[in-house]
Amino acid sequence: MSIDPAITQTLQPYAYANGDPISKSDPTGCGVCDRTYTSANGYFKVHFWRTRLSGRVGWDFRLGVPFQAWLSSWWMGINEVEVTMPHAAVNYWPIATPYGPHLRWIGYDFHASLRAYTFIRGMGSGVIRTGDQLSLSWLVVGGSFWADVEAGFSISCSVPRPGSGTAGPYGPYMNQ
Amino acid sequence: MTDDYAEWLRRNMELNKELRKHPRRLTPEERWLLRDTVAPVLDDLAATGMMLPDILEEAHEDRGVDAVYGWVLEPDGMGCSIQILKGVSLADQVAMLAEQIQELVADRLDDSGLSIQWPRCPEHPSDRRHRLVAEVREASAVWTCLESGNVICTIGSLPAWRDGGAVAW
């Protein structure tokens with residue numbers, strides 16, 4: 001449980017949970033990290049959950065079918081991409097990104113989880129808590145003989161209670 | 001987002017773009033840190049019958065923290081980066097790296113159609129949702145059971161057993 005980072009505007013420490021931070025987490029804000037978010041053009045999908053025992057926020061990131069089709073078309077010829085996370089923040093403070101470059105085929109389920117984090121530029125560290133505002137950005141880079149592609153997607157959502165959402169991509173084991 | 005951070009982010013993205021094209025060879029000090037940290041995890045992989053990953057001593061990224069990076073090269077030409085934070089204890093480094101290697105192993109096991117739980121928990125051998133968790137206890141990097149909280153062994157000293165068949169990297 002944490003104080004609303006927007007307290008300077010709202011003057012309410014638990015506004016994200018309508019003043020009830022024990023049983024709720026951000027019911028009306030910019031989303032909770034316990035569901036799937038899809039970009040407007042269908043090019044990106046990110047699914048979130050929070051593990052029951054270790055309290056990790058898990059995510060998996062996929063390229064949408066339209067994007068995969070476009071990348072692998074004969075005029076693009078891109079069948080593998082590198083996905084990185086150039087920016088990540090907790091309560092709007094930038095942290096060292098918890099995901100290194102992964103070079104994989106375009107249908108791959110890019111996934112990781114986050115619990116402990118380190119602020120960039122030597123500003124300490126912390127552990128994810130319910131109600132924290134998590135901001136993550138993914139950068140997709142691919143290339144072929146003919147074309148280069150760079151595309152990105154960002155999500156900001158609040159951390160739900162442990163055990164929220166449906167674990168993936170390996171099923172129930174990811175909920176430990 | 002402050003202008004200062006935006007500028008840092010822009011420069012960091014430029015740097016990473018360059019590292020993607022031209023990975024940086026690790027310095028001798030970085031190489032030793034990578035080898036010392038990876039060694040116990042490789043011992044556990046070998047003890048449990050897993051094939052060992054091909055870890056290149058080169059940095060493909062810079063996340064803006066004091067860290068050493070390596071690149072796990074896979075046979076199909078794919079790969080991913082691993083990170084070892086500097087400024088923390090060797091036990092913390094080993095535990096954090098073990099977690100990263102676990103994810104890679106899970107990927108390879110899943111690709112091979114095998115159960116992805118590595119290392120298997122000896123306290124719950126039949127529970128397919130359960131694998132050991134890398135933690136630091138009393139200044140040592142250890143494998144623990146998440147359900148019971150018990151320490152199973154230090155990382156690098158897993159007992160030898162075949163953990164679901166050899167997996168090719």
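**Exercise 1. A turn in chain B**

Task: Locate B:Ala139 in the loop between S6 and S7 of chain B, then state what sign its phi has and whether the residue is buried or exposed.

Solution. The structure is a predicted model, and the first step is to place the residue, which lies in the loop between S6 and S7 of chain B. The next step is to read its backbone angle: phi of B:Ala139 is positive, at about 65°, although the residue is not a glycine. For comparison, most residues other than glycine have a negative phi. The last step is the surroundings: B:Ala139 has 9 other C-beta atoms within 10 Å, and because 12 or fewer is the limit for an exposed residue, B:Ala139 is exposed.

**Exercise 2. The sheet around that loop**

Task: Work out in what order the strands S6, S7 and S8 of chain B are arranged, and which of them are the edge strands.

Solution. Begin with the order, which is S6-S7-S8 in an open sheet of three strands with antiparallel pairing. The edge strands are S6 (133-137) and S8 (151-154) of chain B, each of which pairs on one side only. Between neighbouring strands of this sheet the average turn is 40°, with direction ignored. Next, look at one pairing in detail: strand S7 (residues 140-144) of chain B and S8(B) are paired over three bridges in the antiparallel sense, and B:Val142 stands opposite B:Thr154 in S8(B). Finally, add the helix: H3 (residues 90-111) of chain B lies across S6 and S7 of chain B and runs at about 170° to S6(B).

**Exercise 3. An unusual peptide bond and an unusual phi**

Task: Find out whether the peptide bond from B:Trp118 to B:Pro119 is cis or trans, and then examine the backbone of A:Asn91.

Solution. The bond from B:Trp118 to B:Pro119 is cis, with omega near -10°, and B:Pro119 belongs to the loop between H3 and S6 of chain B. Most peptide bonds, by contrast, are trans. Turning to chain A, A:Asn91 has a positive phi, near 50°, in a residue other than glycine, and its place is in the loop between S5 and strand S6 (93-94) of chain A. A:Asn91 counts as partly exposed because it has 19 C-beta neighbours inside 10 Å, where 20 or more would be needed for a buried residue.

**Exercise 4. Strand S4 of chain A and its partners**

Task: Explain why S4(A) is described as largely enclosed by the rest of the structure, and determine how many bridges join it to S7(A) and to S11(A).

Solution. Four of the five residues of S4(A) are buried, so this strand is largely enclosed. S4(A) is joined to S7(A) by four bridges, the two strands running antiparallel, and here A:Val81 stands opposite A:Arg104. S4(A) is also joined to S11(A) by four bridges, again antiparallel, with A:Val140 as the bridge partner of A:Val83. S11(A) also matters to the largest nonpolar core, which has 34 residues, for it gives the largest share, namely five residues.

**Exercise 5. Where the chains meet**

Task: Establish how many residues of chain A are in contact with chain B, and which strands of chain A supply at least two residues of that side.

Solution. In the first step, 23 residues of chain A are found in contact with 26 residues of chain B. Strand S4 (80-84) and strand S7 (102-105) of chain A each supply at least two residues of the side that touches chain B, and the residues of that side divide into 11 nonpolar, eight polar and four charged. The pairing also crosses between the chains: two bridges join S7(A) to strand S5 (residues 79-85) of chain B in an antiparallel arrangement, and A:His102 has B:Cys80 as its bridge partner.

**Exercise 6. How far to trust chain A**

Task: Identify where in chain A confidence is lowest and where it is highest.

Solution. Chain A averages a pLDDT of 82, and 77% of the residues score at least 70. Confidence is lowest in helix H1 (residues 7-10), at a mean of 37, and highest in helix H2 (residues 65-72), at 96. Over residues 1-28 of chain A the pLDDT is below 50. Where pLDDT is low, the predicted coordinates should not be read in detail.

Note on methods:
Residues numbered from 1 in each chain as written. Chains lettered and ligands numbered in written order. Predicted model: local features only at pLDDT ≥ 70, side-chain atom pairs only at ≥ 80, totals over all residues. Contact = placed C-beta atoms within 7 Å. Nonpolar A, V, L, I, M, F, W, Y, C, P; charged D, E, K, R; others polar. Pairing = 2+ DSSP bridges. pLDDT = per-residue confidence, 0-100. Core = buried A, V, L, I, M, F, W, Y, C linked by C-beta atoms within 7 Å. Axes fitted to C-alpha atoms, helices over the stretch in contact; angles between N-to-C directions.
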